[in-house]
Amino acid sequence: MAEASHSAPLIDETNAVTASRAAFRNTPLTAWPLPRTRAVRIFLSTVPFDTMRMGYGIKKSGSKKKVYGYTPPLGLGMLARVAKEYGCEVIVNDAGPQSDDYESLLAKIEAFKPDIIGFSVFTANAQPAVKMIDMIRTHPVLSEALLLIGGPHVYTFRDKTLEEIPADVAVYGEAEVDLVELLEFYDGKRPSLEAVNGIYYRTAGGIRHTEETHSARSLDNFGFPDWDQFDFSLYRNMPGQVRRYPMTSMVTSRGCPYRCNFCFQAGRFADKYRRYSPEVVIDEIQRLQAKYGIKEIQFWDDIFFINKTWVQTFCRLIKERNIDLTWSGYARVDLVDPELLKLAKEAGCWNIFYGFETGTQEMLDFLNKKSTMEQAINASRWTKEAGIIVRGSFMVGLPNETPEIGRKTIEFAVKLDPDYANFNIFFPEPGTGLYDLAIKSGRMLSANYLGRTNPVYLPEGYKDIAEIKAIQAEAFHRFYFRPSYILKRILRMRTFEELEQYWDGFLMLLNMGHDKVRYAFATETSKTGKEARNVF
Ligand code: B12
Ligand code: SF4
């Protein structure tokens with residue numbers, strides 16, 4: 001087994017490095033263009049990414065492209081709102097649904113002439129982020145701009161991120177308050193970057209960091225994203241995941257109080273759990289409907305159904321105010337009951353996602369999931385009885401797993417019979433208990449986390465990665481190619497929109513080829529499989 005050290009670089013140097021980046025590495029950030037005659041301009045963006053390759057999107061005939069798989073970048077929307085409140089001019093650009101490549105994104109940035117450019121970086125697109133930032137660094141005018149990075153990659157890899165991505169400042173964790181402090185520094189109101197919380201930055205002596213000393217703020221006072229930044233006509237999640245358009249996503253909480261040892265949200269870097277009050281969320285939904293005609297919301301909370309009273313109040317308010325909304329969210333199998341599910345259905349909930357994870361109680365306990373197989377069976381049955389679609393995710397290739405246990409997971413999935421299932425190959429998420437265990441076991445095959453497309457961990461119980469992939473393929477095959485399942489799907493089709501989405505899903509299957517089909521179902525191998533994308 002080719003064992004790699006986890007301290008190896010995250011970025012493939014042969015593809016990514018330019019001379020400018022190497023020269024830039026230890027350049028301290030000192031001089032600021034003061035005084036200014038106009039408001040500070042900030043361009044915030046996601047990173048261009050080969051999303052078609054990743055299984056997103058579908059090309060329609062002619063020049064019109066319909067891109068599936070995206071929901072608005074809420075984090076950038078939040079930062080846009082606070083920056084606007086501070087007095088800045090802000091643009092949020094979402095490269096994926098805009099189908100931006102490096103050149104077209106550069107042209108947009110050039111046109112805006114920003115003082116500050118910020119990218120939201122995922123581990124999966126850290127390498128494209130290096131390329132994009134390199135292009136800005138070598139640009140005759142844009143190279144003057146302050147370059148910020150933030151997002152889940154920085155959450156996870158912290159100090160490493162500035163070693164490898166040639167930005168000026170990396171903001172780790174939630175950034176609403178830190179961004180305002182950075183703007184104050186930019187305005188000369190803070191003496192140095194040392195006075196800005198929660199960042200990594202460059203000095204002549206190397207990369208330094210400041211602690212995050214803000215205690216987590218109450219979300220009700222945090223406000224919501226600057227929704228004006230999003231073109232809702234662009235957002236179409238994967239076929240079968242959304243019923244009505246225009247849709248948006250929303251988060252009503254941050255963090256998760258549970259401690260499942262494989263999950264990013266339970267990792268060392270996760271946020272403290274907080275939630276907006278239901279009244280504040282409902283008011284915001286009504287504003288979204290009045291201004292943008294939003295018909296459906298996909299709640300991206302780690303567990304939307306975390307507190308019964310909260311969900312009951314939320315549903316009651318929807319009914320009392322006669323709000324015409326369809327919605328979906330995540331739940332744990334131990335936190336639902338028939339009464340709550342019935343209420344949710346009456347309030348517009350049509351689809352719930354559960355992390356069923358694995359097929360034996362021993363493995364569930366090993367994952368510290370704190371739920372039982374029986375609860376999973378009940379939750380699935382009650383949800384269906386309430387008339388709500390059940391989506392579920394399972395993992396294979398876990399530590400302590402053998403192919404026999406993997407097959408038990410498949411059998412359990414077939415027995416639960418959710419409407420959709422993802423089977424993800426376990427991916428040790430940095431910062432989690434199982435990541436530490438995977439490293440300690442010496443069974444990591446690669447330290448390259450960037451693509452997140454290939455398995456990086458081989459449990460003792462499996463001969464090789466091919467054996468894990470075979471179990472995953474068997475899982476998809478046994479689950480989706482049951483005649484009873486296919487018949488159920490056909491009989492369920494109700495609307496033209498649904499038919500169109502199924503057709504697009506079918507075309508995506510054809511476009512992608514066999515391997516990519518599996519990839520489209522489930523590339524994300526951590527946690528509850530939230531990012532895995534169904535194409536049926
Ligand atoms: C919604 C979501 C998506 C959506 C929207 C993504 C988006 N652009 O926001 C979609 C479906 C498109 C998506 C796709 C993917 N996702 Co996703 N997604 C999420 C989810 C569930 C919620 C994100 C969210 O809205 N949070 C709420 C907002 C308010 O917080 P935030 O986005 O983190 O933003 C805050 C900070 O991060 C920071 N920040 C963010 N950006 C920036 C930029 C700057 C300049 C600064 C200073 C700060 C900053 O400030 C924000 C405000 O506090 C998270 C799980 C989670 N709980 O976070 C996973 C998560 C972010 N996704 C993940 C993954 C892996 C993916 C995919 C790679 C899956 C795949 N294999 O295809 C793709 C990548 C897509 C891409 N284009 O690169 C991982 C990331 C892990 C990592 N280390 O990178 C997460 C953490 C899930 C997990 N494993 O637990 N995802
Ligand atoms: S798997 Fe779900 S319940 Fe467990 S820590 Fe993660 S988000 Fe919370």
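Two strands count as paired if DSSP finds at least two bridges between them, strands being DSSP runs of E with at least two residues and helices runs of H or I with at least four, both numbered from the N terminus. The model is predicted, so that local features need pLDDT of at least 70 and side-chain atom pairs count only at pLDDT 80 or more, while totals for chains, interfaces and linings use all residues. Residues are numbered from 1 along each chain as its sequence is written, and chains are lettered from A and ligands numbered from 1 in the order in which they are written.

**Exercise 1.** Describe how strands β15 and β16 pair, and place them in their sheet.

Step 1. Strand β15 (residues 349-357) runs parallel to strand β16 (residues 389-396), and 6 bridges join the two; in this pairing Glu357 stands opposite Phe394 in β16.

Step 2. Both belong to an open, parallel sheet of 6 strands, ordered β10-β13-β14-β15-β16-β17. Because β10 (247-250) and β17 (420-425) stand at the edges with a single partner strand each, one side of each is left without a neighbour in the sheet.

**Exercise 2.** Identify which residues and elements surround ligand 1.

Step 1. Of the 46 residues around ligand 1 (C-beta atom, placed from the backbone, within 6 Å), Gly75, Gly118, Ser120, Gly150 and Phe264 come nearest.

Step 2. Elements supplying at least two shell residues each include β1 (41-46), β5 (116-120) and α8 (176-186), whereas the largest share, 5 residues, comes from α3.
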